[in-house]
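User: I'd like to learn how to read a model like this one, feature by feature. Can we start with how strands pair up, and go on from there?

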Amino acid sequence: MYYKQQFANVLASKFNGVISEEEILFRIESPKQMNHGDLAFPCFELAKIKRKAPNKIAEEIASEIEDPLFEKVEAVGAYINVFLNKQKVSSQVIEKVLREKGEYGKLNLGNKGVVTIDMSSPNIAKPFSMGHLRSTVIGNALSLLLEKGDYKPVKINHLGDWGTQFGKLIVAYKRWGNEEKVKKDTIKELLKLYIIFHEQAEIDASLEDQGRLWFKKLESGDEEAIALWNWFKEESLIEFNRIYDLLGINFDSNDGEAFYNDKMNGMVEFLAEKKLLSNSDGAEVVDLSELNMPPCLIRKSDGATLYATRDLTAALYRQETYQFVQSLYVVGNEQSLHFQQLTEVLKKMGYNWANDMKHISFGMILKDGKKMSTRKGKLVLLEEVLTQAIDLAKQNIETKNPFMQNKESVAHAIGVGAVIFHDLKNHRNNDVEFSLEDMLRVEGETGPYVQYTYVRACSLLEKGEYTIKIDETVQLNDDQAWPIISKLMSFSQVIERALLTYDPSLIAKFTIDLAQAFNKYYGSVRVLQDDSHKYARLSLVYAVATVLQEGLRILGIEAPKEM
Ligand code: ARG
């Protein structure tokens, strides 16, 4: 934030280099309580160096500071508290938003460096789970955040389209499958077949062998196996794409596990050359016991490759293809060992960039405190969840605003926005309790609440026939606006923190705080009153609308103009 920089600057000039400006900047705090000012600097460090009492030092320096940007500078204990000049700062902040609009808050952190984001990555022939939803939504928000920070994100859908399970599925389909049924309801039918296979395999052990055999056939390019696999994949993708369309999310690459099929040999040979492979019950593994980790499985005794083999190959391919500065994997926290193993194996191979790979883990979605299961008929179909949310939003519109135009698209924005916001508002590592009713409430910390606040701001602007006059100074005369201004001015800082910690929930919380501050203001100030400050108040409203919309956009949520 500009004002923090300014404060650091002034302090640095008083400290004569005893503490560097960088460190000062790092130590400046934003007091939680309004009566402690807008910025605060603790003098403990300085006191130690100067061998003086911290409160003495704070007093001395506070009395020396004079700057038109600061209304008041006072020492409280060991702290130097600064109160910004509200009028000046308010004008500056609002004018900046009016000038920059959607660009407001952007940062020059990434220098266009590529960040690959492994996200979504459902398994074909299996339902799109709640975990995959989380990965999709979190990955998308991270990509938008990274863009805002001047990185170049590459969204990769690492489809689970390879592995022994497809051998089993082929066996099951050939035995019990029905083409018509699979065409009609692909994922449900294929899941059924998969379940039958496992039930039967407990009775007839030879089924497992057949499954392995068919996967071998698949890996060696057998025509029949490939044709069936292709078909399962195409039909599954049709279902997944319906979900991506609903969410409004797309990918830069759909290279799934199968894509690395013809690229794995080179990787395995390199492991062998580096003498990293050892034999464990006939399987080839990379031993990681000195790191207290189980071995990383590379090739089974029958030569079949594994999940890790494909991920190692994919990591190499991504580094070569994109020369990423960071490579993110948005995957549930139950896979954290897998990603630690990947990094360690790559480091053993001599690749330092393995340290730029990051597992962005997340918790589960719970229903009544339990994990939402895709097994045993307790299947919760995500598509149904999304269409239900949209339907509920539509019903709300029908009762409140039956003559609204674009009902369909507004209901879509609210329903989907509610689901996304609910997911993103808590730190990603927390488990999330799933409740459609909670998500769609217009009060409380929900997507619809933020969207509704945006709508309210838009309608004020329309009623007030507001247009931006870029050359006019914005002069607010009410102190009630200050909580809004102080939120607005922290936007880029919040973006930076969210980026550095891969935490979109900070943005969600920011939009809630800003919406609450605005609604409070709206409740106590007559924005449209015809006086000389009307333009300034409406400019404030415009700034709020702009930043709310931008915050929602970064989360992957639309902001309709009415609802
Ligand atoms: N398909 C996997 C699953 O559903 C997730 C893949 C995550 N990405 C990766 N590169 N391993 O569990």
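Analyst: Sure. Two strands count as a pair if DSSP finds at least two bridges between them. One thing to keep in mind throughout: this is a predicted model. Now the case here: strand 2 (residues 70–76) and strand 3 pair in the antiparallel sense, with six bridges. Within that pairing, Glu74 has Asn81 of strand 3 as its bridge partner.

User: What sits between strand 2 and strand 3 in their hairpin, and which residue there takes a positive phi?

Analyst: Two residues lie between the strands, and Gly77 is the one with a positive phi, near 60°.

User: Which other strand is joined to strand 3, and in which sense?

Analyst: Strand 1 (residues 39–42) is joined to strand 3 by four bridges, and the two run antiparallel. Look for Phe41, which stands opposite Ile80 of strand 3.

User: Why is strand 3 called largely enclosed?

Analyst: The idea is to count neighbours: a residue is buried if 20 or more other C-beta atoms lie within 10 Å of its own. Strand 3 (residues 79–84) has five of its six residues buried, so the rest of the structure largely encloses it.

User: Does a record say anything about that part of the chain?

Analyst: An unreviewed UniProt entry annotates residues 1–84 as "domain: Arginyl tRNA synthetase N-terminal". In the model, this span is 46% helix and 20% strand, and its end C-alpha atoms are 13 Å apart.

User: How do I read a positive phi when the residue isn't a glycine?

Analyst: Check the angle, then where the residue sits and how exposed it is. Arg51 isn't a glycine, yet has a positive phi of about 55°. Arg51 belongs to the loop between helix 3 (44–50) and helix 4 (54–64), and counts as exposed because it has 6 C-beta neighbours inside 10 Å. Asn111 is another non-glycine case, with a positive phi of about 45°. The loop holding Asn111 runs between helix 5 (86–100) and strand 4, and Asn111 is exposed, with 10 other C-beta atoms within 10 Å.

User: Since strand 4 came up, what does it pair with, and how do the two run?

Analyst: Strand 4 (residues 114–118) is joined to strand 5 by five bridges, and they run parallel. For a concrete pair, take Val114, whose bridge partner in strand 5 is Lys152. To get from strand 4 to strand 5, the chain passes through helix 6 (residues 130–148), making a right-handed β-α-β crossover. Strand 5 (residues 152–156) is mostly covered, with four of five residues buried.

User: Which residues are around the ligand?

Analyst: List the shell, then sort it by class. Around the ligand you'll find Asp118, Ser121, Asn123, His158, Gly160, Asp311, Tyr329 and Val331. By class that shell comes to two nonpolar, four polar and two charged residues.

User: What does UniProt annotate at residues 122–132?

Analyst: The unreviewed entry gives a short sequence motif there, the 'HIGH' region. That span is 27% helix and 0% strand, with end C-alpha atoms 6 Å apart.

User: Is Ile420 buried or exposed?

Analyst: Ile420 counts as buried because 30 C-beta neighbours fall inside 10 Å. Its place is in helix 16 (residues 407–424). Beyond its neighbours within four places in sequence, Ile420 contacts Val137, Gly447, Leu555, Gly556 and Ile557. Sequence separation can mislead you here: Ile420 and Ile138 are 282 residues apart along the chain, but their C-alpha atoms are separated by 8.8 Å.

User: And where would I see the opposite?

Analyst: Try Asn241 in helix 11 (residues 223–247). Asn241 counts as exposed because it has 11 C-beta neighbours inside 10 Å. Asn241 and Val527 are 286 residues apart in sequence and 45 Å apart in space, C-alpha to C-alpha.

User: How many helices and strands does the whole chain have?

Analyst: The chain has 21 helices and 13 strands. Of its 563 residues, 40% are buried. Its C-alpha atoms fill a box of roughly 85 × 65 × 40 Å along the principal axes. For contacts with a separation of 6 or more, 73% come from residues 24 or more positions apart.

User: What about the C-terminal end?

Analyst: The unreviewed UniProt entry annotates residues 450–563 as "domain: DALR anticodon binding". In the model that span is 66% helix and 0% strand, with its end C-alpha atoms 12 Å apart.

Methods: Residues numbered from 1 in each chain as written. Predicted model: local features only at pLDDT ≥ 70, side-chain atom pairs only at ≥ 80, totals over all residues. Near = placed C-beta within 6 Å. Nonpolar A, V, L, I, M, F, W, Y, C, P; charged D, E, K, R; others polar. Buried ≥ 20, exposed ≤ 12 C-beta atoms within 10 Å, placed from the backbone. Right-handed = clockwise from strand over helix to strand, strands pointing away. Contact = placed C-beta atoms within 7 Å. UniProt positions renumbered as here; feature names shortened; annotations may be inferred.
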